[in-house]
Amino acid sequence: MTAAFRIIALFLACWLLLPLNGFTWGFFAHQRINRLAVFTLPPDMVPFYKKHIRYITENAINPDRRRYAVAGEAPRHYIDIDVYGDSAIYKMPRYWQQAVEKYSEDTLMAYGIVPWHINRMKYQLTEAFRERNVDRILRISADLGHYIADACVPLHTTHNYNGQLTGQRGIHGFWESRLPELLSDDYDFFVGPATYIEQPQLRAWDLVTSAHMALDSVLRFERELTQQFDEDKKYSFEVRNNVTVRVYSSAFSRAYHARLNGQVERQMRLAIQTVASFWYTAWVDAGQPHLTGDISEQEIQLLKMEEKDYDKGSHKAREEGDASLPPQHQHNQHLVLCCGREEE
Ligand SMILES: [Zn+2]
């Protein structure tokens with residue numbers, strides 16, 4: 001091997017993975033979930049949400065953008081349920097107050113709070129509907145859609161969120177970004193109408209539970225397939241935004257996807273139907289107000305400022321993880337490159 005070739009090979013090897021545009025579900029899947037949820041709403045809600053569908057779609061990714069700018073944002077996207085021991089998924093107190101009493105707020109915040117945060121957002125959305133506050137209705141609807149979608153991702157329910165404990169680093173973005181981006185065009189997204197949720201807090205836990213049940217397959221199938229694929233067949237290189245990146249190859253992605261037997265599609269469908277049902281439930285609980293009106297100029301300016309702030313890169317310093325959490329809870333490792341940069 002010539003020295004030059006070796007340097008190039010080393011350089012390529014350094015572009016460790018992955019999903020280029022997402023921290024959770026990929027931006028692509030989040031936007032698709034929020035967008036499709038609009039079409040399952042009842043006739044009294046659909047005109048308003050359709051009118052603002054662009055807002056609901058584009059802002060589906062705001063909570064991920066805020067993760068680096070807003071203290072306390074990161075834990076809202078996941079729960080490392082397995083750190084609480086065997087069968088914790090069944091034993092964990094469902095309601096926030098009881099959970100705080102049992103484990104303390106600091107502990108809950110350290111390991112993620114997604115199911116409780118969904119319920120909290122549902123209350124806020126109900127309030128926004130009661131106030132007929134268009135800005136807040138849209139903002140909270142978009143955010144709530146994001147957290148619900150996150151709760152449907154198996155790797156958002158475990159301490160081993162990026163396969164880092166099992167030699168499968170990169171699997172997070174693989175499952176939630178690479179697979180839907182590559183293969184979701186064939187999914188059946190007709191999920192049926194939104195339905196009223198009697199107990200939103202328990203429903204949020206149902207999501208986490210079903211995602212956690214799927215976790216074993218997510219990890220096991222990747223491990224089994226890896227044994228059947230040579231390293232150079234498992235990965236390939238793609239140029240994105242003028243940067244060469246290593247990605248899971250199309251062949252490996254398709255084989256894994258087939259082995260998962262519709263799992264990604266099922267979780268996306270679950271997310272879409274649940275997002276719409278939470279919006280609908282909040283609206284019913286608020287007394288089914290007539291929905292009308294536009295986003296205020298003030299809100300538009302605020303969104304622009306937030307976007308600028310994000311583009312300016314104030315989040316960059318923490319892209320490898322949330323410094324407020326112990327390293328093992330840094331949930332953004334799939335953005336980490338090698339070349340001497342720490343991974344976990
Ligand atoms: Zn997220």
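Is Thr226 buried, exposed or partly exposed, and how many other C-beta atoms lie within 10 Å? In this predicted model, Thr226 is partly exposed, since 15 other C-beta atoms are found within 10 Å, a count that lies between the limit of 12 or fewer for an exposed residue and that of 20 or more for a buried one. Thr226 belongs to helix α13, which covers residues 215-228. Its C-alpha atom is separated by 8.5 Å from that of Phe252, although the two residues are 26 positions apart along the chain.

The protein as a whole contains 17 helices and two strands. Of its 344 residues, 40% are buried. Among contacts with a sequence separation of 6 or more, 76% are between residues 24 or more positions apart.

Helix α10 (residues 134-151) packs against helix α9 (residues 114-131) at an angle of about 160°, and the two axes are 9 Å apart. The pair is therefore roughly antiparallel, as the angle is over 145 degrees. The crossing of α9 with α10 is left-handed. On the α9 side, the contact is formed by Val114, Pro115, His117, Ile118, Met121, Lys122, Gln124, Leu125, Ala128, Phe129 and Glu131. These residues meet Arg136, Ile137, Ile140, Ser141, Asp143, Leu144, Tyr147, Ile148, Asp150 and Ala151 of α10. By residue class, the contact of α9 with α10 comprises 13 nonpolar, three polar and five charged residues.

Helix α10 also packs against helix α2 (residues 26-38), with the axes coming within 10 Å and crossing at roughly 120°. This angle makes α2 oblique to α10, and the crossing is right-handed. His30, Ile33, Asn34 and Ala37 of α2 meet Ala142, Gly145, His146 and Ala149 of α10. The contact of α2 with α10 divides into four nonpolar and four polar residues, with no charged residue.

Two residues of α10 that take part in the contact with α9, Ile148 and Ala151, recur in the description of the nonpolar core. The largest nonpolar core has 70 residues, of which Ile33, Ile148, Ala151 and Val275 touch the most other members. Helix α16 (residues 263-285) supplies the largest share of this core, with 12 residues. Ile33 is one of the α2 residues that meet α10. In soluble globular proteins, nonpolar side chains tend to be buried together.

The surroundings of Ala151 were examined beyond its neighbours within four places in sequence. Outside that range, Ala151 is in contact with Val114, Pro115 and Ile118, and also with His156, Ala204, Leu207, Val208 and Ala211. Val114, Pro115 and Ile118 are among the residues of α9 that meet α10.

Backbone geometry was considered next. Most residues other than glycine have a negative phi. Ser87, a residue other than glycine, has a positive phi near 60°. Ser87 is located in the loop between α5 (62-66) and α6 (88-91), and it counts as exposed because it has 9 C-beta neighbours inside 10 Å. Asn261 likewise is not a glycine and has a positive phi, of about 55°. Asn261 is found in the loop between α15 (250-260) and α16. With 11 other C-beta atoms within 10 Å, Asn261 is exposed, as the limit for that class is 12 or fewer.

How values were computed
Residues numbered from 1 in each chain as written. Predicted model: local features only at pLDDT ≥ 70, side-chain atom pairs only at ≥ 80, totals over all residues. Axes fitted to C-alpha atoms, helices over the stretch in contact; angles between N-to-C directions. Helix = DSSP H or I, 4+ residues; strand = E, 2+ residues; numbered from the N terminus. Parallel < 35°, antiparallel > 145°, perpendicular 65-115°, else oblique. Left-handed = near helix turned anticlockwise from the far one by under 90°. Contact = placed C-beta atoms within 7 Å. Nonpolar A, V, L, I, M, F, W, Y, C, P; charged D, E, K, R; others polar. Core = buried A, V, L, I, M, F, W, Y, C linked by C-beta atoms within 7 Å.
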